[in-house]
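Work through the exercises below with the sequence and coordinates open. Each task is followed by its solution.

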Amino acid sequence: MATAVPPAASRIAVVTGASSGIGAATARRLAEAGYRVVLTARREDRIEALAEEITAAGHQATAYPLDVTDRAAVDEFATAFKTVGVLVNNAGGALGADPVATGDPDQWRTMYETNVLGTLHLTQALLPKLDASGDGTVVIVSSTAGHATYEGGAGYVAAKHGAHVLAETLRLEIVGRPVRVIEIAPGMVRTEEFALTRFGGDTEKAEKVYQGVPDPLTADDVADTITWAVTRPPHVNIDLLIVRPRAQASNTKVHREA
């Protein structure tokens, strides 16, 4: 199926958490699809370099350093736009893998603030701009953790359940307005930072997450999925798309080769 060309009024795409992984890959793919991408993340050097890369490839990109948990900064960011066509709420992540009995409340709080409140801040600030485009799309990158739980994951699972419910409720509340709400829920994705961040830089623990798994998803796989969903005709809404590698049947059922 051919990719639909976005209308002129909808060609700005804001991508949060664009400094690495899924966010960076999504920014590249949306730029290739004809969007002028606005890259946001806390690491200014990373998004500046990515914006230069995308521009050098003949596309349009702007870097804007932003902490999605800082509401005042988010509101200021939103004033830069009259209209926005796409918002990809990708900023998030996991911290720790402790059981509920010994979980670190500070890690739980950070995960909630980033995965849920960060998404809330950007969505609230940019929703009028998405409306004004006449054809807006909100993408929430959740996780299969937002649909089923697993031992040692309660803090992250709780945050991603919050992101899932945010998407589901927003879709109900704005039906009839010219804005789609798409949830993309990836399963096991091997990126350079996700597991490493979760385990506080412990490379051995991070490697064990993917050990023996043939072909876990890549950031590009998820970016492809996001871009496909975003570029469907305006009347087509991909409410929820769960994407896993073939080797993963569920959060707790993974095929590993010796």
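**Exercise 1.** Find which members of the largest nonpolar core touch the most other members.

Solution. A nonpolar core is a set of buried Ala, Val, Leu, Ile, Met, Phe, Trp, Tyr and Cys residues joined through side-chain atoms within 4.5 Å. Buried means under 20% relative accessible area, exposed over 50%, and partly exposed in between (1.4 Å probe, protein chains only). The largest core has 35 residues, and V37, L39 and I226 touch the most other members. A separate second core holds 33 residues, among them A91, L126, A167 and V179.

The model is predicted: local features need pLDDT of at least 70, side-chain atom pairs count only at pLDDT 80 or more, and totals for chains, interfaces and linings use all residues. Residues are numbered from 1 along each chain as its sequence is written, and side-chain values use heavy atoms, with hydrogens and water left out.

**Exercise 2.** List the contacts of V37, leaving aside neighbours within four places in sequence.

Solution. Contact means heavy atoms within 4.5 Å. On that basis V37 is in contact with A13, A27, L30, A31, I54, Q60, A61 and T62.

**Exercise 3.** Decide whether D221 is buried, partly exposed or exposed.

Solution. Locate D221 in helix α8, residues 219-230; helices are DSSP runs (H or I, at least four residues), numbered from the N terminus. Its relative accessibility is 33%, so D221 counts as partly exposed. Then check a distance: the C-alpha atoms of D221 and A25 are separated by 8.8 Å, although the two residues are 196 residues apart along the chain.
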